[in-house]
Amino acid sequence: MKTMKKSILITGGAGFIGSHVVKLFVEKYPEYSIVNLDCLTYAGNLENLKEIEGASNYHFEKVNILEETGLVEVFEKHAITDVIHLAAESHVDRSITDPLAFVKTNIIGTVNLLNTAKTFWKNYEDHLFFHISTDEVYGSLDDGGFFLETTAYDPQSPYSASKASSDHFVRAYANTYKLRTLITNCSNNYGPNQFPEKLIPLCIHNIKNNKPLPVYGKGENVRDWLYVVDHARAIDVVFHQGVAGETYNIGGFNEWKNIDIVRLLCKKMDEKLGREPGTSEKLITFVKDRAGHDLRYAIDASKIQKELGWEPSLQFEEGISKTIDWYLNNEEWLKNVTSGAYQQYYTEHYHSR
Ligand code: NAD
Ligand code: DAU
């Protein structure tokens, strides 16, 4: 790739992972122009970007990836050179109640973005389309083992089926039109800015408010957890050093049963809130299982570790402790994202396109 001034489009930059990626790139690379494109669904929140919203290399565009004209305008206005694509519907439970929303954003939205890049860019050698995906495309590891980059796709939920489809489209555009593409498939993230519908922030919120902690089924399902800033660091490494056309799995070799995570959160929060040991565990409530609930995910992250030298920086207990502290210190954020008051914040800070 030639050395040229980069103008990087990061989609979904107001969401959980996207906000950490935007912050990292804006702060670490003042020579790049970073354009955050996000339509601000319930999961997108510009408060996540307060620290960098005044930076001269940061720009925000409120656009839906389903609007082709909006995408073309942004590519032209900012002379976009590269894309890091995170915008998506991301919650498995919502995909079970409204699969079509996932087909629209995750599949059609991704194809719109690919088409815009394909049309706007002239010499593909100078550009990169980096698609952020999930380990859920590989299905469920009911019989042991790990997900490798070569594991066959076997998505089991409407969410993972939509992400698998978008991955296939990215590879198809690389093969058919010779776009330079990269795909990463990451395990479960946790940390600041995660919407409190996902297991960890939901439990932190409910423990604080003495509300029931809903554990699906028997709580025996296993997830492989990674601190969100370590995912953002991996995206930085892959964007700069990854070999175009390749896929990299990202994970922390950190498997936990759901029930053990919930118990750990209870223990840590009893300590932090000065409650008697065992108080919060009484909130644990076993509820009806998620339909088609994948039993276990576990990522083999050897390739990114060996070939690109990336390693997670945080041990899980330290990451969980930082995460709890962040939620306890950001009550206003929690109140805003759960009440819709954030919409007013947006209107005050930005004008809609
Ligand atoms: P999130 O739900 O927190 O954020 C998604 C963002 O995308 C929001 O800001 C939302 O406003 C925006 N968005 C949604 N639909 C849009 C549309 N049609 N047009 C423009 N913007 C839109 O999601 P997240 O957890 O930060 O996940 C980000 C990406 O990483 C997703 O592609 C997800 O599949 C992937 N991923 C997530 C995890 C995880 O554990 N959260 C793990 C691996 C991969
Ligand atoms: O593996 C990567 C994926 O991780 C990402 O691609 C998804 O975007 C992200 O949402 C996440 O999916 P999960 O379904 O694994 O995350 P969630 O936090 O919803 O659930 C984690 C586990 O906890 C899962 O086994 C279901 C269970 N659970 C979840 C909730 C919300 C409960 O037991 N109770 C709950 O209330």
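This report walks through the two ligand sites, a few helices, the salt bridges and a surface patch of a predicted model.

**Ligand 1.** Let's start with the first ligand, which has 28 residues around it. The closest are Ile17, Asp38, Ser90, Tyr159 and Lys163. Asp38 also makes a polar contact through its side chain, with an N or O atom 2.5 Å from an oxygen atom of ligand 1. Phe16 uses its backbone instead: an N or O atom there sits 3.1 Å from a ligand oxygen. On the nitrogen side of things, the side chain of Thr105 places an N or O atom 3.2 Å from a nitrogen atom of ligand 1. Ligand 1 would expose 840 Å² if taken alone, and the protein buries 96% of that.

**Ligand 2.** Here 23 residues are in the surroundings, and the nearest are Thr134, Asp135, Tyr159, Arg290 and His293. Tyr159 is a name to notice, as it is also listed among the closest residues to ligand 1. For polar contacts, Pro214 offers a backbone N or O atom 2.7 Å from a nitrogen atom of ligand 2. Tyr216 brings a backbone N or O atom to 2.8 Å from a ligand oxygen, while Arg223 has a polar side-chain atom 2.8 Å from an oxygen atom of ligand 2. On its own, ligand 2 has 690 Å² of accessible area, and the protein covers 94% of it.

**Salt bridges.** The whole structure holds 13 salt bridges. Three of them are set out here.

| Salt bridge | N to O distance | Separation in the chain |
|---|---|---|
| Arg290 and Asp93 | 2.6 Å | 197 residues |
| Glu246 and Lys303 | 2.6 Å | 57 residues |
| Lys272 and Asp325 | 2.9 Å | 53 residues |

Arg290, already met beside ligand 2, lies in the loop between strand S12 and helix H9, and its partner Asp93 is in helix H3. Arg290 has 18% relative accessibility, so it counts as buried, the cut-off being under 20%.

The second pair ties the loop between H7 and strand S10, where Glu246 sits, to helix H9, home of Lys303. Its two ends differ in cover: Glu246 is partly exposed at 32% relative accessibility, whereas Lys303 is buried at 17%.

The third pair runs from helix H8, with Lys272, to helix H10, with Asp325. Both ends are partly exposed, Lys272 at 33% and Asp325 at 31%. Elsewhere, Arg94, Glu197 and Lys198 are joined into one network by salt bridges that share partners.

**Helices H10 and H7.** Helix H10 covers residues 316-329 and also contains Thr323. Unlike the partly exposed Asp325, Thr323 is buried, with a relative accessible area of 0%. The Thr323 side chain reaches back to the backbone oxygen of Gly319, 2.6 Å away.

Helix H7 takes in residues 228-241, and its 14 residues should span 20 Å at 1.5 Å a residue. The end C-alpha atoms are indeed 20 Å apart, so the helix agrees with expectation. How much of H7 is buried? Ten of its 14 residues are, so the rest of the structure largely encloses it. Among them are the charged-type residues Asp230 and Asp236, along with Val228, Ile235 and Phe239.

**A nonpolar patch.** Out on the surface, Leu66, Leu100, Val103 and Ile108 make a nonpolar patch of about 310 Å². Ile108 belongs to helix H4, residues 99-120, and counts as partly exposed at 44% relative accessibility.

Terms used: Residues are numbered from 1 along each chain as its sequence is written. Chains are lettered from A and ligands numbered from 1 in the order in which they are written. This is a predicted model: local features need pLDDT of at least 70, side-chain atom pairs count only at pLDDT 80 or more; totals for chains, interfaces and linings use all residues. Side-chain values use heavy atoms; hydrogens and water are left out. Patches are made of residues with over 30% relative accessible area and no salt bridge: like charges are joined within 9 Å, nonpolar side chains (Val, Leu, Ile, Met, Phe, Trp, Tyr) within 5 Å. Accessible areas come from the Shrake-Rupley method with a 1.4 Å probe; for residues, only the protein chains shown count as cover. A salt bridge is a side-chain nitrogen of Lys or Arg within 4 Å of a carboxyl oxygen of Asp or Glu. Helices (H or I, at least four residues) and strands (E, at least two) are DSSP runs, numbered from the N terminus. Buried means under 20% relative accessible area, exposed over 50%, partly exposed in between (1.4 Å probe, protein chains only). A residue is near a molecule or strand if one of its heavy atoms lies within 4 Å of it. A polar contact is a pair of N or O atoms within 3.5 Å; within protein, one must be able to donate a hydrogen and the other to accept it, and residues adjacent in sequence count only if both atoms are side-chain atoms. The expected span of a helix is 1.5 Å times one less than its number of residues.
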